[in-house]
Amino acid sequence: MGNILMIMFAAILTQNFIFSRFYGCCPFLGVSDRPSTALGMGMAVTFVMTLASAATWAVYRFLLAPFGLEYLKTIAFILVIATLVQFIEMFLRRYVPVLYSALGIYLPLITTNCAVLGAALVNIEEGYSFVESVVFGFSAAIGFTMAICVFAGVRERLNFADPPKAFRGFPLLLISAGLAAMAFSGFSGMKF
Amino acid sequence: MKKTIPQIFKEGILTNNPTFVQLLGMCPTLATTTSVTNALGMGVAVIAVLSFSNLFISLLRKIIPKQVRIASYIVIISGFVTAVELLIKAYFPAINKALGLFIPLIVVNCIILARAEAFASKNPPLASFCDGIATGIGFTLALVAIAFVRELLGSGGLFAGADGTGGVRILGDWYSPASIFLMPSGAFLTLGFLIAAVQKIRTSSEERERRRKLELDAIDGGYHEVLMRDPDTGKIVRRPHAEPVPAAPAPAEAETEKTEEEAKGGE
């Protein structure tokens with residue numbers, strides 16, 4: 001139990017996917033322009049990442065490892081994730097249209113989100129058990145959602161800022177993300 | 001419109017640089033630039049994957065059905081990524097340890113998918129291969145530039161090995177290294193300032209170009225001649241710099257006004 005809590009704490013705060021590991025920076029910088037879209041993306045990622053952690057763990061444990069095919073894990077995992085995203089999309093459209101209308105447009109973007117593949121690979125790298133993998137996938141996604149929502153709030157304020165011309169747009173975003181990352185690094189204690 | 005090989009290289013490295021101009025592939029850019037050695041390692045891995053995946057996608061571009069092209073590209077790319085990953089593991093274990101999961105994560109690097117979709121799926125193999133190399137070099141140079149700043153300010157030296165030891169001390173003892181540059185927030189800050197610098201250079205060169213044109217237009221009303229190379233014969237010829245301004249740009253203006261009005265009405 002303590003182990004599970006440690007994994008959750010680390011994945012959400014000290015080893016936050018965006019601010020400390022840099023997984024999933026593209027959607028973080030791309031779809032964080034409004035809190036509502038950020039929350040939608042975060043929820044879609046949480047949904048997919050939890051399921052993908054479970055699926056890739058099973059594929060690795062029961063399909064790749066017994067046959068000594070561990071080196072194929074990158075190819076296998078990206079295919080599993082792509083298929084899973086496709087299935088989730090079809091399932092939601094058919095059975096949970098409310099959720100589909102909320103998350104639908106973000107789902108295709110998730111296949112190429114490195115946070116999902118990153119979580120799957122970290123699970124294998126760390127040798128997590130099934131439960132630990134699912135908990136890690138879920139809490140890393142919660143950390144991602146938290147970061148992207150916090151940052152969307154910051155971005156709404158940035159719209160009213162008047163920076164020098166060269167800093168407009170992307171540079172200003174990166175610098176604010178840097179300041180946010182500085183706050184997050186406080187969780188692990190700064191080493192000088 | 002076909003592009004020549006030098007044009008492809010100029011675009012990939014400078015005018016359409018994947019990191020500083022297209023702003024793609026931010027995850028590895030932020031994560032692997034803690035030292036120049038790591039940045040070079042990552043850059044070379046991306047050059048290898050990008051050029052070969054471009055080559056093969058271009059070779060197969062007429063066979064791959066349109067509906068499943070993205071999935072096919074990902075399979076091709078992940079095949080090359082696995083090969084590169086195994087090579088690095090075998091011959092450069094220190095680099096492998098320093099870059100960690102970012103080598104397998106090249107699979108989902110947006111630069112590679114973007115080049116496959118935008119270039120390799122429409123162009124012949126040789127041009128696509130060159131485009132892969134050029135874009136890869138552009139990416140590598142950008143990584144090295146970021147890593148140069150981060151490593152120099154963060155440790156006071158340069159060219160430390162992938163295991164973090166060795167390296168040449170550049171700044172003297174008076175400089176106490178600011179390790180914030182080696183931390184995640186330093187990555188965001190450095191990249192932000194570098195992109196701002198690139199934007200500054202781009203806007204000021206555009207501005208210079210615009211002023212020069214305005215000055216020339218003021219002299220002869222847009223009819224001045226310039227020396228340029230004739231695209232067909234290759235000879236230097238005199239050509240009018242600008243076409244005479246068409247007399248009636250009015251319809252376009254009317255249209256934009258209309259849409260603005262519509263937008264207002266909609267609100």
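Modeller: Accessible areas come from the Shrake-Rupley method with a 1.4 Å probe, and for residues only the protein chains shown count as cover. This is a predicted model, in which local features need pLDDT of at least 70 and side-chain atom pairs pLDDT 80 or more, while totals for chains, interfaces and linings use all residues. Residues are numbered from 1 along each chain, chains are lettered from A and ligands numbered from 1 as written, and side-chain values use heavy atoms, without hydrogens or water.

Colleague: What share of the area that chain B exposes do carbon and sulfur atoms supply?

Modeller: Chain B exposes about 14,500 Å². Of this area, carbon and sulfur atoms supply 65%.

Colleague: How many helices and strands does chain B have?

Modeller: Helices (H or I, at least four residues) and strands (E, at least two) are DSSP runs numbered from the N terminus. In chain B the elements run α-α-α-α-α-α-α-β-β-α-β-β-α from that end. The secondary structure thus comes to nine helices and four strands.

Colleague: Is B:Ile63 buried or exposed?

Modeller: B:Ile63 is found in the chain B loop between α3 (36–59) and α4 (69–91). Buried means under 20% relative accessible area, exposed over 50%, and partly exposed in between (1.4 Å probe, protein chains only). Because its relative accessible area is 63%, B:Ile63 is exposed.

Colleague: Which residues of α4(B) does α3(B) meet?

Modeller: Contact means heavy atoms within 4.5 Å. From α3(B), the participants are B:Ala45, B:Ala48, B:Val49, B:Phe52, B:Ser53, B:Phe56 and B:Ile57. In α4(B) they meet B:Tyr73, B:Ile76, B:Ile77, B:Phe80, B:Val81, B:Val84 and B:Ile88.

Colleague: What percentage of chain B is made up of buried residues?

Modeller: Chain B has 267 residues. The buried ones make up 41%.
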